[in-house]
Amino acid sequence: MSKIKKITCIGAGYVGGPTMSVIAQKNPNIDITVVDLNQARIAAWNDENLENLPVYEPGLDAVVQEARGRNLFFSTDVNKAIAEADMIFISVNTPTKTYGKGKGQAADLKYIELCARQIAEVATSDKIVVEKSTLPVRTAEALKSILDHTGNGVNFHILSNPEFLAEGTAITDLHNPDRVLIGGENAEAIEALVQVYEAWVPRERILTTNLWSSELSKLVANAFLAQRVSSINAISELCEATGANVDEVSKAIGQDSRIGSKFLKASVGFGGSCFQKDILNLVYIARSYNLREVADYWEQVILLNDHQKTRFAEKIIQTMYNTVNGKHIGFLGWAFKKDTNDTRESAAIYVADHLLAEEATVVVYDPKVTAEQIYRDLDYLGTRSPEDNRRLVRVVNDPYEALAGAHAAAVLTEWDEFKTYDWTRIKADMKRPSFVFDGRKLLNRSELESQGFAYYAIGE
Ligand code: UDX
Ligand code: ADP
């Protein structure tokens, strides 16, 4: 197979957009077109003003600036981009099913299948099709079957190339990946993709496996990471009961090189588009092979995460004399982690929902998340009417406004700027007693206590 000259990526989201931007930056001789059905999203990727890119990631603007218009293009013309490409990445969303068999657990492959059918219909030359979205094991097989049965007699080679970037650090993760994983059956197709990455990734960090190992490795990597968070969060509750401090425990165990120090930060619960979805998928797959113990084991990671979010909301209610009805709670942060505008599965959504059920008034400030997104997240839960969500929740652009007149402040996201606020000023404007509930263990207890705050943090 000759060198790849044209790549198309279907799906211009959090994975497709940044990944293709970096591949284009590092491969100036390959033309890359990212396509999406969502016209507004494509318009935002093409916006002259780089502050309007649809995905917020530190460093992304500079990469887009360098490559866009040179060899990186964003378009809604999906068919044209498919027809022209030698290699097609599928990077569309694979949400958890909300209906039918596997509802609430299995991945919804509707978008993937639609892509496969479209590729088969349009392609008139051989293509390498790369799975970039997180997919259940053996999706490649289904893709291949659709492509081969509905295509125009051209050859399709399927590769699995899961993305391991974390949001908020996507650009550094892409520039300097721990490993790149490529699964496939056809050596030439694998080599073609290896060459794309070799433009900047050392060869020894590019691992090649069979298709199924690659697909499963992605689910397992996320399951292990999420499991670490749930493990330390379980210990955080034990710390609160026994007087131990979870940060001290994390540090003590993390120095054991067999355990390692990363991903041991207790929190209000993990969020993001991947962890829950991938574990649910793993659980679903295990159940479908009748591996009950395996399924139950991994499911516990999610149950503990749900418990952590509920526990945090309950702690707020209990501490505030068992009622938050009519009380103003200022939320610092809505994104599922710092340095991203992504809110998918964010703990903040569920904590807010719990407090709103008790008729609290929630006033939210997040440096990057829009008011529309916050209302959309709450409306999507379907717990109460959109009118009630707007009656009980206000979104502001200034953190001091979020906390003016508040009975309590709750830290839901670990944005760095929260540490730099003038807490003396905040205290002066809050009701007394002034509670701070720190779901990220971000603030300084002794400083806040010396100013008269009643400070509660996870795991202390
Ligand atoms: C994750 C994986 O890290 C990445 O490899 C994969 O490609 C996609 O899923 P992401 O969801 O973007 O990435 O963010 P990550 O940094 O893993 O954080 C996930 C959640 O866990 C966040 O809500 C974060 O706040 C939480 N977390 C993480 C903790 O609560 N404590 C920790 O110690 C680490
Ligand atoms: P991820 O985090 O996996 O990147 P996103 O939801 O951010 O997920 O992005 C997926 C994108 O894929 C969305 O912008 C959606 O519009 C797009 N998409 C889904 N199906 C198709 C399709 N058949 N053709 C083109 N784009 C699609």
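**Cavities, a pocket and ligand shells**

Modeller: In this predicted model, the second largest cavity holds about 40 Å³ of space. Its lining consists of Phe270, Gly271, Gly272, Phe275, Gln276, Asn305, Lys309 and Glu345, and the elements that contribute two or more residues to that lining are α11 and α12 (292–319).

Biologist: What makes this space a cavity and not a pocket?

Modeller: A cavity is a set of points where a 1.4 Å probe fits but cannot get out, whereas a pocket is an open set. A search of the whole structure finds two cavities of 30 Å³ or more, and the one with about 40 Å³ is the second largest.

Biologist: Which residues line the largest cavity, and how is that lining divided by class?

Modeller: The largest cavity, with about 50 Å³ of space, is lined by Glu131, Ser133, Thr134, Leu135, Ser160, Asn161, Pro162, Glu215 and Lys218. By class, these are two nonpolar, four polar and three charged residues, while the lining of the second largest cavity has two nonpolar, four polar and two charged residues. Gly271 and Gly272 belong to that second lining, and they count as polar because Gly is placed in that class.

Biologist: What is known of the second largest pocket, in volume and in the elements that line it?

Modeller: The second largest pocket has a volume of about 310 Å³, and of its 17 lining residues the closest to the centre are Pro136, Val137, Asn281, Tyr284 and Ile285. Both α9 and α11 (275–288) supply at least two residues of this lining, with α11 giving the most, namely four. The lining comprises eleven nonpolar, two polar and four charged residues.

Biologist: Why is ligand 1 said to lie between domain 1 and domain 2?

Modeller: Domain 1 (6–209) and domain 2 (303–457) both give residues to the shell around ligand 1, and therefore ligand 1 lies between them. Of the 20 residues that surround ligand 1, the closest are Phe164, Glu167, Ser267, Lys337 and Arg440, although the element that gives the most to the shell is helix α9 (residues 211–242), with four residues.

Biologist: What makes the pairing of Lys337 with ligand 1 a polar contact?

Modeller: An N or O atom in the side chain of Lys337 is 2.8 Å from an oxygen atom of ligand 1, and the pair therefore meets the cut-off, which is N or O atoms within 3.5 Å. By the same cut-off of 3.5 Å, one can also count a backbone N or O atom of Lys265, which lies 2.8 Å from a nitrogen atom of ligand 1, and a polar backbone atom of Gly271, which is 2.9 Å from an oxygen atom of ligand 1. The protein covers 90% of the 660 Å² of accessible area that ligand 1 has on its own.

Biologist: Which side chains make polar contacts with ligand 2?

Modeller: Polar side-chain atoms of Asp36, at 2.6 Å, and of Arg344, at 2.9 Å, lie by oxygen atoms of ligand 2, and an N or O atom in the side chain of Arg41 is 2.6 Å from an oxygen atom of ligand 2. Taken alone, ligand 2 exposes 580 Å², of which the protein buries 88%. Its shell divides into seven nonpolar, five polar and three charged residues.

Technical notes. Residues numbered from 1 in each chain as written. Chains lettered and ligands numbered in written order. Predicted model: local features only at pLDDT ≥ 70, side-chain atom pairs only at ≥ 80, totals over all residues. Heavy atoms only, no water. Near = heavy atom within 4 Å. Polar contact = N/O pair within 3.5 Å; in protein donor to acceptor, adjacent residues only side chain to side chain. Areas by Shrake-Rupley, 256 points an atom, 1.4 Å probe, with all protein chains shown as cover. Domains from an automatic or database assignment. 1 Å grid on protein atoms, 1.4 Å probe; cavity = no way out; pocket = protein on both sides within 12 Å on 5 of 7 lines; lining within 4 Å. Points joined across faces, edges and corners; volume = space filled by probe spheres on them.
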